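Thanks for coming, everyone. Let me put the structure up, and then we'll go through a helix, a chain and a single residue.

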Amino acid sequence: MWDTFITLMITVLLFIYDFVGQNFGWAIIIFTVLVRVVTYPLTAKQMKSSKAMQELQGSKKWIDIQKKYKNDKEALAQKQMEIYKEMGISPFGSCLPLLIQFPVIIGLYQAIIRALAVTPIQLVNLSKHISDGANLIPIHSQFWWMDLSEPERLVMFGVAVPVLAILVVITSYIQTKMVTPPTQGTADTGGQGAQMTKAMSLYMPFFMGYLALTFASGLALYFIATNLATIAQYVLTGQADFKNILPKLPARS
Amino acid sequence: MKKHFLILLLVLIALSLSACTGRRVAATGWSEITLKEDIAYFSYGPQVYALNVKNGAQQWVYPVEAETGVDFYAAPVFADNETQLIVASYDSNLYSINPATGRENWSFTGAENRYIASPLVTEKGIFAPSSDNKLYGVDLNGIPLWEPFETGEPIWASPAWSESCGCIYLASMDHILYAVSPETGSLLWKTEDLGGPIVSQPAVSESGLVIVSTFNNEVVALDEKSHNIKWRFNTPDWAWASPMIDGEQVYISDLSGTFYALELETGNLLWQLQPGGSIVSAPLVQDGQIYFSTDTSSLVVVSTDGVVQRNLPIEGKLYASPASNGDIILLAPYEAEFFLIALNQNGTQIWGYPPAE
């Protein structure tokens, strides 16, 4: 089942690779955008659920129960569930579509890495996924200054700079900030959720940057393409909040 | 709940991605073996090993401490009256090691990409093909003989030596077979596009045929003198393994797992069998028997007239050619407990390396 899925992804990826003149970098970018378009209904559902959740967390009712039950977590959880039910919101509404996209993300990365096939063992494995693709071999992994099968570094003035990893951190930060606008709840009123969201929006870009720094740069290119595609989706649907990108200074008392 | 979900998600991403490559930089391969009397030399990952064939005792390992980014998968090759062992590495360097001690003599660092195949060693020098599309010629001290010979794509196949033309046959992934002068590194002649990448060493017959396996689902035999194609043999899948000439027969195989015996001069099919699994390595021919391995964990023993003698199940995938000193057969399984095993003539395992703790 998983192998069939990967074979399908590799076939599409290599079709695009051939279509764009055997350029693997552009194939990754186009393929990523294509996958984002196909999975857009899931993204839209996630965006809708997130928005509903944010509105709820900004409501007076929500803030009131946070204050009222701040010392009784069990009662707080019960009350929150009651409000979710009353408002018709699923607390996992924004997580489930993300979970469904997870295999797609992993499948996409596996397809990219397997299709690159820069060593004999990888090529033997690739041959099991493509029945008639000998004319595409060897896959050209060079894209601008990068070898997409290796971690990327651009030597500038004698210093090896991980340009893609830096871009991954920046685009991941912007994307995360756009996807998760500030919750009105504070540590006191929004509870752990607000703290968690804040922490994730800081840690996630660095985690992605670490992956981009250490894995094949094909992955980093995919991260950048998918981040930019997500940002574009938010901008096109009018949900982008650019004010949220810059960190807010603490308000003067 | 959400906190746990996010942490789980991060861990899953990291695990899933690392599982795709097995390591951060995906550069793995299968080991290849060179046998000399009672010592087996083989490359495996970050080190090259010398083992006693009789009992698997380690003689030496090079480098003593494994280094990140240095990987060896091509078979070591002897040079300079067997006083040097030349090993090509994924770190783009060519190393000369003392076969008695395992100490480094010199290294050649001129290539710009990894070496997949073993170099060819002749009296004229050491000729190393690289993934940077070039063939490097160096002398026995690692000093370049000439400017590298460049092809259109990476070179994964070991070059072959032809005594009759005194030239090097070099097959490239650009679908072309080149005849190169060992003295000057210049092109003597080349074929037209053979239709598919070539990743294995060409076979050269005494009668003047050069035979190559291609990913165009065929094996092609060329006449050395006229440079014309003498015969072509179609296979159902990519022909990966090097052809093996045995008297008047030539053995070829493909990724569909079919093994063929052809008439050397005509390319006519004599017999074929399909034990299952893909075949990527040349067979071992010894005492009238053919040993070939498949990636579905079996070593198949066939008589030269095509009768299967034995089909030995082996743990792991077998991509490398079997090697033998006459008494003991060595196999280098991939994804197995042992990365080198020794079998006796009955197919019983004598030892495995590394030894079980």
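Start with helix H2 of chain A, residues 24-38. This is a predicted model, so every value here is computed. How far apart should the ends of H2 be, at 1.5 Å a residue? The helix has 15 residues, so the expected span is 21 Å. The end C-alpha atoms sit 21 Å apart, which agrees.

Now, which residues of H2(A) are buried? A:Phe24, A:Gly25 and A:Ala27 are. So are A:Ile28, A:Ile29 and A:Phe31. A:Thr32 and A:Val35 complete the list.

Step back to chain A as a whole. It has 10 helices and 4 strands. Read along the sequence, the order is α-α-α-α-α-α-α-β-β-β-β-α-α-α. Chain A has 253 residues, and 36% of them count as buried. Next, contacts. Take those in chain A between residues at least 6 apart in sequence. Of these, 73% join residues at least 24 apart.

Over to chain B, and one residue. B:Leu135 lies in strand E11, residues 134-138. Buried or exposed, B:Leu135? Buried: the cut-off is 20 or more other C-beta atoms within 10 Å, and B:Leu135 has 24.

What does B:Leu135 touch, leaving aside residues up to four places away in sequence? Three prolines are on the list: B:Pro129, B:Pro148 and B:Pro159. B:Phe127 and B:Phe149 are there too. B:Ile155, B:Leu170 and B:Val180 finish it.

One last distance. B:Leu135 and B:Asn216 are 81 residues apart in sequence. In space, C-alpha to C-alpha, they are 23 Å apart.

Terms used:
Residues numbered from 1 in each chain as written. Chains lettered and ligands numbered in written order. Predicted model: local features only at pLDDT ≥ 70, side-chain atom pairs only at ≥ 80, totals over all residues. Helix = DSSP H or I, 4+ residues; strand = E, 2+ residues; numbered from the N terminus. Expected span 1.5 Å × (residues − 1). Buried ≥ 20, exposed ≤ 12 C-beta atoms within 10 Å, placed from the backbone. Contact = placed C-beta atoms within 7 Å.
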